[in-house]
Amino acid sequence: MSTSTNDKKPAAKNPAAKQSTSVLIGAAFLMATSAIGPGFLTQTSTFTAQYMASFATVILCTIILDVVTQLNVWRVICVSGLRGQDMANKVLPGLGYFLAFMVALGGLAFNIGNVGGAALGLNALLGVPEHIGYFVIGIAAVALFLSKNAKKGMDTATKVIGGVILAVILFVALTSNPPVGTVVTTVFAPENPGDLILPMVTLLGGSCGGYIAFSGAHRLLDAGISGEENVAQVKRSVVTGVSVSGTVRVLLFLAVLGVCTAGGAEAAAQISGASNPAAEAFRLAAGNLGYRLFGVALMGAGLTSVIGAAFTSVSFLKTLNPFIEKNEKWFIIGFITVSTLIMAVLGKPAKLLILAGALNGLILPLTLICVLCACRNKKIVGETYKHPTYLIVFGVIALIISGYGGIRSLPSLMQLFA
């Protein structure tokens with residue numbers, strides 16, 4: 001009898017361990033797929049056509065800074081057990097309310113573009129008219145959060161769709177036959193490195209700006225994963241997430257570069273001048289099949305970004321008001337519904353998308369300031385935790401770069417009032 005009891009003990013712990021692993025992977029994919037939105041595809045395709053093999057340097061630097069930024073944010077949030085807005089309020093009373101407002105407003109603006117981007121993908125894949133596609137995407141996202149276990153469903157959806165996007169772009173990258181040797185020799189010796197600062201700032205904001213840096217960390221807190229004892233797990237989750245988004249960006253870069261190399265300056269100009277650069281690159285690489293596959297990638301990227309933006313934006317509001325926390329699911333559904341309706345009414349919300357890009361440039365440096373001020377504050381992270389010095393140093397570098405991007409985004413904000 002005693003042997004039987006002992007045999008059961010490890011089995012009792014196993015489901016919890018599996019659940020923890022599933023949540024960690026789900027958080028990683030939530031962050032990664034939040035970053036891989038319509039803007040991600042457009043920026044990478046456009047800049048590749050403009051800078052060719054030299055753009056590899058930008059991607060490498062962006063991935064490094066992305067890892068550093070996410071590690072800073074995730075570690076401080078998970079060690080402290082505080083969401084971004086609560087941590088910011090402890091750094092400076094009232095700062096968390098401002099951060100929550102910025103993230104929620106930026107998330108709404110991004111979500112409108114994400115709904116539109118996913119509808120464009122549905123149109124490319126199946127020919128569904130855009131005005132109908134808006135509602136199809138909105139209903140699909142709402143249905144996910146209406147399910148019995150919405151957060152588990154969110155984890156599963158982001159993992160599956162993230163895998164599909166990765167497979168699609170890998171196929172197109174192999175089809176375009178990119179000059180990998182040229183990329184390897186150019187990555188550490190790019191042409192005109194001074195011209196690469198602006199695309200680096202843009203990519204960094206798109207990789208971990210706005211709500212993106214908080215999405216996975218807030219998901220872990222919701223699952224009860226916090227405290228200094230979980231730092232190693234948090235680190236693995238961050239590296240997994242950035243590896244997924246980084247791999248997608250590298251493959252997309254290689255796919256577009258292969259097309260531009262084969263087609264010469266004419267192909268590069270055709271892609272960079274197209275209204276949808278990524279779609280044009282996929283079409284040139286694999287014909288009509290490539291265009292359909294682009295529809296799959298864009299629809300998936302838009303849908304997962306809608307999910308990530310809605311979840312994270314509401315997670316910033318729910319601790320500020322107990323009514324929001326109690327009705328979190330319905331606020332997320334309302335967030336998605338409002339985004340869908342605005343997209344359907346306005347069609348092309350150019351000003352809102354300008355606002356989204358501008359807010360993205362402002363939120364990342366604000367995020368880094370809050371995190372760097374909190375990382376060694378014992379009242380926030382506890383008496384025993386010591387934040388790594390190398391993360392602080394690289395965090396300051398990321399702050400300088402993102403601050404430069406924030407300053408450049410101010411004219412875009414002014415355009416709204418012109």
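This briefing walks through one helix, a surface patch, a cavity and a few backbone angles. Keep in mind that the model is predicted. Helix α3 (55-80) turns up in much of what follows: it gives two or more residues to a nonpolar surface patch, and it gives the most to the lining of the largest cavity.

**Helix α3**
- There are 26 residues in α3, and from first C-alpha to last it reaches 37 Å, close to the 38 Å expected at 1.5 Å a residue.
- Of those 26 residues, 21 are buried, so α3 is largely enclosed by the rest of the structure.
- L60 lies in this helix, and it counts as partly exposed because its relative accessibility is 33%, between the 20% and 50% cut-offs.
- Right after α3 comes G81, which has a positive phi, near 75°.

**The nonpolar surface patch**
- Seven names to look for on the surface are L60, I64, F188, Y390, V393, F394 and I397, which make a nonpolar patch of about 660 Å².
- Two elements, α3 and α17 (389-415), each give two or more residues to this patch.
- α17 is the top contributor here, with 4 residues.

**The cavity**
- How many cavities of 30 Å³ or more does the structure hold? There is 1, and the largest cavity has a volume of about 60 Å³.
- Its lining is made up of F40, I59, T62, I63, D66, S207, S245, G246 and R249.
- The elements giving two or more residues to that lining are α3 and α11 (231-272).
- For the lining, α3 gives the most, with 4 residues.

**Positive phi outside glycine**
- As background, most residues other than glycine have a negative phi.
- M52 goes the other way, with a positive phi near 55°.
- You'll find M52 in the loop between α2 (38-51) and α3, and at 27% relative accessibility it counts as partly exposed.
- N177 also has a positive phi, near 55°, and is not a glycine.
- N177 sits in the loop between α7 (150-176) and α8 (180-186).
- Is N177 buried or exposed? With 62% relative accessibility, N177 counts as exposed, because the cut-off for that is over 50%.

Key. Residues numbered from 1 in each chain as written. Predicted model: local features only at pLDDT ≥ 70, side-chain atom pairs only at ≥ 80, totals over all residues. Heavy atoms only, no water. Patch = residues over 30% accessible without salt bridge, like charges linked within 9 Å, V, L, I, M, F, W, Y side chains within 5 Å. Areas by Shrake-Rupley, 256 points an atom, 1.4 Å probe, with all protein chains shown as cover. Salt bridge = Lys/Arg side-chain N within 4 Å of Asp/Glu carboxyl O. Buried < 20%, exposed > 50% of the residue type's maximum accessible area, 1.4 Å probe, protein only. Expected span 1.5 Å × (residues − 1). 1 Å grid on protein atoms, 1.4 Å probe; cavity = no way out; pocket = protein on both sides within 12 Å on 5 of 7 lines; lining within 4 Å. Points joined across faces, edges and corners; volume = space filled by probe spheres on them.
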